[in-house]
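Biologist: I'm new to this one, so can you walk me through it? I'll keep asking how you know things.

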Amino acid sequence: LQRTWVQINQMLDQNRLPAALLFTAADGVGACGLARVLARFLLCDAPRQMNPCGQCAGCLLLANHNHPDLFILEPEEDSKFIKIAQIRGLNDFVANTAQQSGRKLVVIDPADAMNSNAANALLKNLEEPIGQTVFILVSVNPSRLLATIKSRCTRISLDAPPRAEALAWLQQQ
């Protein structure tokens, strides 16, 4: 996913990071991992060479799963779906100001798990994000997302690497 990571960093360097990103990929390609690394990077106080530093206050809060400016939305344990009550909690988070770096991050994974009521409730925040709120939606089945949600996101397709490239990377690891 290095090419995609460089592309995202170029957007950041040019101050063109969209308010909503939609990562689409086949299951197992790493879209969820990339979304979480991007969230850590964006909430890091001192990123180095396109990576979070791992040592600043923001990184330490993230390492302890306690960063006040990160909201991860996923289905509750007893469900396969993201429900409207969860979106209402997200709405409260988005309405508040950032507490650390000025930026708030929302990761929705998998975004295609939102039921129709939840998806419709999310639209207002995607249309008019408050402050420096960045939404990162992850989907292995983007056809299940509302067209209005997809239209408000910059879509980044994550393709599986070619076999030879994947094997070379695995051998290095």
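Modeller: Sure. One term to begin with: a residue is called buried when its relative accessible area is under 20%. And keep in mind that this is a predicted model.

Biologist: Okay, then why is Leu42 called buried?

Modeller: Leu42 has a relative accessible area of 4%, and the cut-off is under 20%, so Leu42 counts as buried. Leu42 sits in helix α2.

Biologist: What does Leu42 touch, leaving out residues up to four places away in sequence?

Modeller: Leu12, Leu17, Ser101, Arg103, Leu105 and Val134. Take Val134: it is 92 residues from Leu42 in sequence, yet the two C-alpha atoms are 9.2 Å apart in space.

Biologist: How do you know that those two touch, if the C-alpha atoms are 9.2 Å apart?

Modeller: Contact is about heavy atoms within 4.5 Å, and Val134 is on the contact list of Leu42. The 9.2 Å runs from C-alpha to C-alpha.

Biologist: What makes a group of residues a nonpolar core?

Modeller: The members are buried residues of certain nonpolar kinds, joined through side-chain atoms within 4.5 Å. The largest such core here has 25 residues, and Leu42 is among those with the most contacts inside it, along with Leu17, Phe23, Leu38, Ile136 and Leu158. Elements that each supply at least two residues are α1, β1, α2, β3, β4 and β5. Helix α2 gives the most, with eight.

Biologist: And which residues does Ile136 touch, again skipping those up to four places away?

Modeller: Leu21, Phe23, Ala35, Leu38, Ala39, Leu105, Val106, Val107 and Ile108. There's also a second, separate core of 24 residues, including Ala113, Ala119, Leu145 and Cys153.

Biologist: Where are the residues nearest the centre of the largest pocket?

Modeller: They are Leu1, Gln2, Asp159, Pro161 and Glu165, out of 16 lining residues. The pocket's volume is about 510 Å³. Helix α7 gives the largest share of the lining, four residues.

Biologist: What makes up that lining by class?

Modeller: Nine nonpolar, four polar and three charged residues.

Biologist: How do you know how far to trust the prediction, going by pLDDT?

Modeller: pLDDT is the predictor's confidence, on a scale from 0 to 100. The mean for this protein is 91, and 100% of the residues reach 70 or more. Among the elements, α7 has the lowest mean, 87, and strand β2 the highest, 96.

Conventions: Residues numbered from 1 in each chain as written. Predicted model: local features only at pLDDT ≥ 70, side-chain atom pairs only at ≥ 80, totals over all residues. Heavy atoms only, no water. 1 Å grid on protein atoms, 1.4 Å probe; cavity = no way out; pocket = protein on both sides within 12 Å on 5 of 7 lines; lining within 4 Å. Points joined across faces, edges and corners; volume = space filled by probe spheres on them. Nonpolar A, V, L, I, M, F, W, Y, C, P; charged D, E, K, R; others polar. Buried < 20%, exposed > 50% of the residue type's maximum accessible area, 1.4 Å probe, protein only.
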